[in-house]
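This report looks at enclosed space and at one sheet. Please keep the sequence and the model at hand while reading.

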Amino acid sequence: MKRFFYSIMVFILVFTTFPAIPASAAATFNYGEALQKSILFYEQQRSGFLSKSDIPTRVLWRGDAQTADGQDVGLDLTGGWVDAGDNMKYNITNAAAATFLAWGAIEYRQAYEKSGQLKWLINQLKWINDFFIKCHPEPNVFYGQIGMTKSDHDNWIPIESSQFVTDRKAIRLDPENPATDLVLEVAAAMAASSMVFRPTDPTYANTLLTHAEQLFAFGDKYRGTYFDTIKKIDAATPYQSWSGISDELVWGPAWIYKAKEAKETGSGSSYLAKAEANYSGLGNEKDQKVHKYKWTHNYDDATFGCYVLMSQLKPGNADYKADVERWLNWWTIGGSEYGADGTKVKYTPGGHARLDEWGSFRYAANTSLLAFIYSDKLSDTAKKARYHDFAVEQINYILGQNPRNASYIVGFGTNSPQHPHHRSAHGAWGRKDDTPSDHRHILYGALVGSPTSDDKFNDSITDYVANEVAVDYNAGITGALARMYQEFGGTPMPDSSFPLPDKVHEPKDEWPVFVKTYWQGQGGMQLSFTVENRSCWPSRPSDKLRIKYFFTLDAADPGDITTSLGSSTMGPKITPKISGPTLWDASKKVYYVTVDLTGEMIYPGYMWSFGGPEVILNINSKSNNWLSSNDWSFQNWDAAYISGDRKFAPNIPMYEVNTKLQGNEPSGGPSNTPIPSVTPTKSSTGHKVSGYIAPDFTAVQPALSIVKSGFTVKIGGLDVKTDSAGYFEIDNVPAFPTGTSIKIIKPGFLSMEKTITIASDKKLSSETSPLLMWAGDITRNGNQDGAINMSDIIELAKGFGSVKGDLKYSLEYDFNQDNSVNMNDVIIIAKHFNAISSDYPEINQP
């Protein structure tokens, strides 16, 4: 669904009473945990290469996404945050959120430090500012939006699928296509962020400040609104420039002044002069002679933040004081002070200041943060208490002090929303927001939109007015929660508690094969498969999927069986390959047919209702000797786990290359860790052994790609390593009799060691099971617990930053082989919690 902003900004709101809630009641909530989760929300909104980033993630269900952004304009525009429950990158909301997040950290840095959350907030500010830098390749060029709104909003898919389905056009702003409001908001965000980074990373702070000054020069010289420029290309863009550019012409230079003064006292005076000169251009309240006061700070209108910021920069200015207090009075007691008209914002009976039906929690939270910032520096005790208590009451309402006794932050407190309007958290596989019926992930920390005017709430995925979430929704409440923690305390969860619990799942939830029979008889059968990618932990596309249909040969000879692929009537036309029959178990006459979809990119949202293509398989018996009922893959079709008229087939396994993702294979057969070819041949000086290694890394997919290099092959006292393609060759091997062994070893997490023997026909005859090396049990040599658990993550974290050559944290613990021990290695271990050595009786290591 589309997320449209309000169409009418100003309402005549009547005075209503609401029950007084004493601020002393605030200590009933764990503000440390709420703050922690509010920051975590931004990790769930990240776009780009999560797996390759130095900025860690604590969210295991998110994967790399939108990795081609910017290629249409020859740039790398990956990164940033997606806006809301959609998969768009709107820099108007990204920038507004970043500015407010940074302001909260500037004002309440000690609270962030004490709670242990400063590093996590800085990570997110680094993530978004790195993206702004990419979007600003030239002084007078900025990319304001990535993606086309209608294309995006028409497709209910996880973020990881969006680049395959939606139009990811990058929209350029330049002197011919200006956007003063957007680029000055970005300038404010980068300037404010520079102040957060300055104590710990002055070089990066200087980089941000340089970009901020260039963006201000661009936006100030070339005037125009974001909406007027963007709508030329994206007519459906939802964010209107209602307030024009007058507010950003104060907001941008005021923040640059503040940031330059933080770097060098006296260096920013010209920017303060610009902000003061532009201040008179802030709009007046309708039909009144005073500056507007009947709304609040948001992505579009920075006027109200300007009041507070300018009152900080020039505390003796009576006009700034009047503007901010007239506005805060309207949110609290109303009245006529400073020329106000006596009205005030509407409140629900339970005490929520409900400015608008759309995103009212966002407005109340933004106002609360500014009320805290302003009241903290007031000497007037009555107003100090008034504005402070208002903020406490509004945040407490959101956390659960309301008639429903419900939290409106997902995954926090009691009775929090279960169905936020958010594509990736929902985890659909077929572009439908009602399938599955429940979300597959918990969107921790997300602030939802609005209650009704009588304090009710519609917890429905389709109600994007009440139940959508967004990066700008969480920005104000994050800073306000830091202020609440500073005053009332709380206990954040230890970092070792992450990743937080998510919804339980099993392999068939991610890689199912659904099937129905078109016809069957003694002459064979025709089956229709839907080979679905429903991956969600994380969601990830794949172009290397295969399935196998196992059957019992009823005829005397496998030559009796012919196979072919029919033409699908659903979805895109595809060209899979078919091979077989291939012998699986000679004693039981079990064979299989392989349908190979390599080259066909399959992802959640591949089709309406289906997460993958339809494949038609024909199996024919020339002798009319076919009995499907005794086929392994024809057994136990599950009508309960159903997809329309198709049944789940648990015995039709799916593979990625040779890695089994899901499904049951019949007993017997070859090892599941294939070594397709090891063929010894005679040479002039002995024997030559060559081959190809295709390792099975099932346990660590998808965090680790198929690795073919670095295997050691040993035979007859000689050894060689495989090349990048997985090939090896050993020459001058002593003559080998039947039974000579070849050992193939891959070091690292869940390493493989295989021994094969050479039969008299000099072909591969037998293999042992893979031996799992317990590199993941880092504490094995210390506490001898023989399991992968939280103690291993704690131990691994001590070695973060270690590289090859370190004594304790060698590449044995660099599980993804990026030459560094970091959060990505933690993610790999975390997938194997509670695995114990007794699960693998063949393991017998010291």
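Which residues line the largest cavity? They are Ala 96, Ala 97, Thr 99, Phe 100, Glu 185, Trp 251, His 297, Asn 298, Tyr 299, Asn 366, Asp 472 and Ala 475. The model is predicted, with pLDDT of at least 70 needed for local features and 80 or more for side-chain atom pairs, while totals for chains, interfaces and linings use all residues. Residues are numbered from 1 along each chain as its sequence is written, and side-chain values use heavy atoms, with hydrogens and water left out.

A cavity here is a set of points, on a 1 Å grid over the protein atoms alone, where a 1.4 Å probe fits but cannot get out, and a lining residue has an atom within 4 Å of a point. Grid points are joined across faces, edges and corners, and the volume is the space filled by probe spheres set on the points. By this rule there are five cavities of 30 Å³ or more, and the largest holds about 80 Å³.

Two elements, α2 and α18, each give two or more residues to this lining, and α2 provides the largest share, four residues. Helices (H or I, at least four residues) and strands (E, at least two) are DSSP runs, numbered from the N terminus.

| Element | Residues |
|---|---|
| α2 | 91–107 |
| α18 | 471–488 |

Turning to the sheet, five strands form an open, antiparallel arrangement in the order β8-β9-β6-β13-β14, where pairing requires at least two DSSP bridges between two strands. Strands β8 (577–585) and β14 (659–662) are the edges, each pairing on one side only. Strand β13 (residues 654–656) pairs with β14 over three antiparallel bridges, and Glu 656 has Thr 659 in β14 as its bridge partner.

How values were computed. On a 1 Å grid over the protein atoms alone, a cavity is a set of points where a 1.4 Å probe fits but cannot get out, and a pocket is an open set with protein on both sides within 12 Å along at least five of seven lines; lining residues have an atom within 4 Å of a point.
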